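Grab a coffee and work through these exercises with the model open beside you. Try each task before reading its solution.

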Amino acid sequence: MTATTQNKRRSLKKVLVLLAVVALIFSVGSIVAVKSLYDGYFSRFDRPEFSGYLTYGDVASRYDRAVVALESGQNTLAGYIYGQEHDKGLVVIVHGRAAGAEDYLAETLYFVDQGWRVFAYDGTGSYESEGQSTRGLPQAALDLEAALAYIEQDDALGGLPVMLYGHSWGGFAVTAVLNHSDVASAVASVSGFNSSDELLFEQMHRMMGPLVYLEYPFAWAYQTTLFGAAARLSAVDGINRSDAQVMIIHGKEDESIAYKGASIMAHRTEITNPHVVYRTADAKGRSGHDNLYRSEAAVAYIAEKNREFQALSDSYDGQIPRDALVRYYEGVDKRQTSELDAELFAAIDALFAESLAREP
């Protein structure tokens with residue numbers, strides 16, 4: 001072997017070692033960064049002090065509710081039962097990320113007024129439930145499984161036909177849970193995503209662009225480590241496995257879960273369940289992630305109050321005194337901000353009622 005050949009081999013070895021070191025540093029850095037971002041995004045969410053929407057305190061004199069406790073993994077969740085005088089059926093409401101059951105009080109009261117009993121709950125790491133964090137996207141399906149198990153074992157609830165209603169995180173949960181449960185007679189999924197992996201990729205791509213192709217494998221691995229098989233659950237598989245009647249609702253301008261991206265709606269050609277109907281929200285100003293289920297008047301009023309809040313914030317350089325916040329929220333008409341799209345909810349109610357005729 002010549003000296004030149006030996007030198008080339010030594011140089012190649014150095015290059016390979018350097019590349020291995022760089023790859024190791026990149027991998028370790030990526031793992032640390034991904035874990036930090038993921039855990040931060042799915043932190044704990046406590047009930048805010050102020051709300052511009054209906055809270056139970058606003059309606060307690062007219063609507064009774066029972067507070068119950070259920071177990072999900074190692075955490076105890078707070079559950080709420082409304083309309084205990086009704087036996088037509090049970091509507092289970094699943095909230096979105098960074099929210100709690102009370103944020104869907106308008107929907108809860110709507111269903112109670114239509115004669116349904118309603119079961120809602122705060123998910124892991126949310127509002128009144130235990131949990132240091134909300135853990136991740138698949139957790140919504142795991143919490144719903146726990147809620148359905150509680151319902152089946154409860155003497156007062158177990159015999160009622162079950163309807164599922166979920167938004168966003170909850171929109172995924174009410175369809176993904178069908179992979180493991182045959183309890184539901186009907187399902188309404190609003191702004192839901194098809195799978196945790198798809199939405200994880202979509203949101204990372206939105207944040208980091210082409211760099212996602214380098215970082216996503218680490219996020220995928222971390223999510224899989226946290227949730228195992230639950231990380232692979234998909235709405236499409238659950239819907240196709242089920243005989244339930246399903247309504248998929250999604251806004252064309254959804255800014256959180258892309259209509260043509262990670263949404264369940266984007267996978268409609270893969271859905272074979274013959275009992276599925278689709279509703280696309282495309283009305284101007286009411287086709288986004290959080291406004292597609294509100295009335296036109298509510299959306300306009302919320303925009304007006306948001307402008308007032310921004311002006312108030314600007315006047316105090318972003319540091320609004322507490323007494324000024326109290327006055328602002330006292331001036332919000334919570335019934336107006338919480339007004340629902342009457343046509344949409346009439347359609348959901350009709351779907352639920354129709355499913356009763358299919359009950360054996």
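**Exercise 1. How many salt bridges does the count come to by the rule that a side-chain nitrogen of Lys or Arg lies within 4 Å of a carboxyl oxygen of Asp or Glu?**

Step 1. Know what you're looking at: this is a predicted model, where local features need pLDDT of at least 70, side-chain atom pairs count only at pLDDT 80 or more, and totals for chains, interfaces and linings use all residues. Residues are numbered from 1 along each chain as its sequence is written, and side-chain values use heavy atoms, with hydrogens and water left out.

Step 2. Apply the rule, and you get 13 salt bridges.

**Exercise 2. Take the salt bridge between glutamate 102 and arginine 47 and work out which parts of the chain the pair links.**

Step 1. Check the contact: the two side chains meet at 2.6 Å, N to O.

Step 2. Place the partners, using helices (DSSP runs of H or I, at least four residues) and strands (DSSP runs of E, at least two), numbered from the N terminus. Glutamate 102 sits in the loop between β3 (90-94) and α3 (105-113), while arginine 47 is in the loop between α1 (3-41) and α2 (56-59). That makes them distant parts of the chain, 55 residues apart.

Step 3. Now look at accessibility, where buried means under 20% relative accessible area, exposed over 50%, and partly exposed in between (1.4 Å probe, protein chains only). Glutamate 102 comes out at 16%, so this residue counts as buried. Arginine 47, at 32%, is partly exposed.

Step 4. Look for further partners: Arg47, Glu102 and Glu128 are linked in a network of salt bridges.

**Exercise 3. Do the same for aspartate 182 and arginine 241, then for aspartate 46 and arginine 44.**

Step 1. The side chains of aspartate 182 and arginine 241 form a salt bridge at 2.8 Å, N to O. Aspartate 182 lies in the loop between α5 (169-176) and β6 (184-190), and arginine 241 belongs to helix α8 (residues 235-241), so the pair ties together parts 59 residues apart in sequence.

Step 2. Aspartate 182 is exposed at 59% relative accessible area, whereas arginine 241 is partly exposed at 42%.

Step 3. For aspartate 46 and arginine 44, the closest N and O atoms are 2.7 Å apart. Aspartate 46 is partly exposed at 48%, and arginine 44 is also partly exposed, at 26%.

**Exercise 4. Which residues of helix α12 are buried, and where do they lie around the axis?**

Step 1. Helix α12 (residues 342-356) has 15 residues and reaches 21 Å from its first C-alpha to its last, close to the 21 Å expected at 1.5 Å a residue. The expected span is 1.5 Å times one less than the number of residues.

Step 2. The buried ones are Leu344, Phe345, Ile348, Asp349, Leu351, Phe352 and Ser355. They cover an arc of only 155° (from the directions from the helix axis to the C-beta atoms), so they sit on the same side of α12.

Step 3. Turn to the face away from that buried side, and you'll find the exposed residues Ala342 and Glu343.

**Exercise 5. Put the chain as a whole into three steps.**

Step 1. Count the elements: 12 helices and 8 strands.

Step 2. Box the C-alpha atoms along the principal axes, and you get roughly 95 × 60 × 40 Å.

Step 3. Of the 360 residues, 51% count as buried.
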